[in-house]
Amino acid sequence: GMVPWHVVSGMSGIVMVLPRDGLKDQDGKPLHYDKVYTIGEFDLYIPKDADGKYKEYETALESYGDTTEVMRGLIPSHMVFNGKKGALTGAGALTAKVGKTVLFIHSTANRDTRPHLIGGHGDYVWATGKFINKPERNLETWFIPGGTAGVMMYTFKQPGVYAYVNHNLI
């Protein structure tokens, strides 16, 4: 129970090793990007008290028994990016100028996910982070299996607010 408890308590991370000779398109031509953003998606399982209010603990270890009981139900109480509500908004917003290409690295430690950039799409997508594979092209939403990191590249074509979301809508 200790390893799953770490994962559902947000204690996981990602190491992405990009190819030494850079990313390539389906024809083997070099792809370039201007910046990289890493997004960690986490399912949290926070116990509630008898009144239905979320419990608080002095330390994470004190929550171990209650949290492992909640996680056995496989229904997260919260799903967050980069560890907290609103992490990709306001001061944490991911920014890019028109004409710039951004590489998005998305990891999920536990459950499958379906990221989507509202207002954009994946120009190039390596959904399982296997760069030896040819990238998929022009995906609206891409599937990343649990325990995996996927990569998406997009060139911004016009100004605006682009929302980065998870299409696990239910």
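1. Where does Leu74 lie? In this predicted model, Leu74 is found in the loop that runs between helix 2 (64-71) and strand 2 (78-81). Leu74 is not a glycine, yet its phi is positive, at about 60°. The residue is exposed, because its relative accessible area is 62%, and the cut-off for exposed is over 50%.

2. A second residue can be read alongside Leu74. Asn138 also has a positive phi without being a glycine, with a value near 55°. Asn138 belongs to strand 6 (residues 136-139). With a relative accessible area of 44%, Asn138 is partly exposed.

3. The sheet comes next. Six strands make up an open sheet, and their order across it is 2-1-3-7-5-6, with mixed pairing. Strand 2 and strand 6 are at the edges; each has a single partner strand, so one side of each has no neighbour in the sheet. On average, and with direction ignored, neighbouring strands of this sheet are turned by 25° against each other. Asn138, described above, therefore sits in one of the edge strands, since it lies in strand 6.

4. The pairing can be followed strand by strand. Strands of a sheet pair through backbone hydrogen bonds, in either a parallel or an antiparallel way. Strand 1 and strand 3 run parallel and are joined by seven bridges. In that pair, Lys35 has Val102 of strand 3 as its bridge partner. Strand 3 and strand 7 run antiparallel, with eight bridges between them. Here Val102 stands opposite Tyr154 in strand 7. Val102 thus appears in both pairings, with Lys35 and with Tyr154.

5. Strand 7 (residues 148-155) also pairs with strand 5 (residues 122-126); the two run antiparallel and share three bridges. Trp126 has Val151 of strand 7 as its bridge partner.

6. How many residues of strand 3 are buried? Eight of its eight residues are buried, so the strand is mostly covered, buried being under 20% relative accessible area. Thr101, Leu103, Ile105 and Ser107 point one way from the strand, while Val102, Phe104, His106 and Thr108 point the other way, and all are buried.

7. The largest nonpolar core holds 17 residues. Phe104, Leu117, Trp142, Met152, Phe156 and Tyr164 are those with the most contacts inside this core. Strand 1 (35-44), strand 3 (101-108) and strand 7 are the elements that each give two or more residues to it. Another core, of nine residues, lies apart from this one, and among its members are Leu103, Trp126, Phe131 and Val151. Trp126 and Val151, both named in that second core, are also the bridge partners given for strand 5 and strand 7.

8. Leu117 deserves a separate entry. Not counting residues up to four places away in sequence, Leu117 touches Glu140, Trp142, Met152, Tyr154, Phe156, Tyr162, Ala163 and Tyr164. Several of these names, including Trp142, Met152, Phe156 and Tyr164, are also on the list of residues with the most contacts inside the largest core.

9. The largest pocket has a volume of about 340 Å³. Its lining has 19 residues, and the closest to the pocket centre are Leu94, Thr95, Phe156, Val161 and Tyr162. Strand 3 and strand 8 (163-166) are the elements that give two or more residues to the lining of this pocket. Phe156 and Tyr162, both listed by the pocket centre, are also among the contacts of Leu117.

10. Closed space is a separate matter. One cavity of 30 Å³ or more is found in a search of the whole structure. The largest cavity encloses about 30 Å³ of space. Its lining consists of Glu41, Phe42, Asp43, Thr108, Asn110, Arg111, Asp112 and Thr113. Strand 1 gives the most to this lining, with three residues.

11. Is Lys100 buried, exposed or partly exposed? Lys100 counts as partly exposed, because its relative accessibility is 38%. It is placed in the loop between strand 2 and strand 3. Leaving aside neighbours within four places in sequence, Lys100 is in contact with Asp34, Tyr154, Thr155 and Phe156. Lys100 and Leu44 are 56 residues apart in sequence, and their C-alpha atoms are 34 Å apart in space.

Key: Residues are numbered from 1 along each chain as its sequence is written. This is a predicted model: local features need pLDDT of at least 70, side-chain atom pairs count only at pLDDT 80 or more; totals for chains, interfaces and linings use all residues. Side-chain values use heavy atoms; hydrogens and water are left out. Helices (H or I, at least four residues) and strands (E, at least two) are DSSP runs, numbered from the N terminus. Buried means under 20% relative accessible area, exposed over 50%, partly exposed in between (1.4 Å probe, protein chains only). Two strands pair if DSSP finds at least two bridges between them. Axes are lines fitted to C-alpha atoms, for helices over the stretch in contact, and angles run from 0 to 180 degrees between N-to-C directions. A nonpolar core is a set of buried Ala, Val, Leu, Ile, Met, Phe, Trp, Tyr and Cys residues joined through side-chain atoms within 4.5 Å. Contact means heavy atoms within 4.5 Å. On a 1 Å grid over the protein atoms alone, a cavity is a set of points where a 1.4 Å probe fits but cannot get out, and a pocket is an open set with protein on both sides within 12 Å along at least five of seven lines; lining residues have an atom within 4 Å of a point. Grid points are joined across faces, edges and corners, and a volume is the space filled by probe spheres set on the points.
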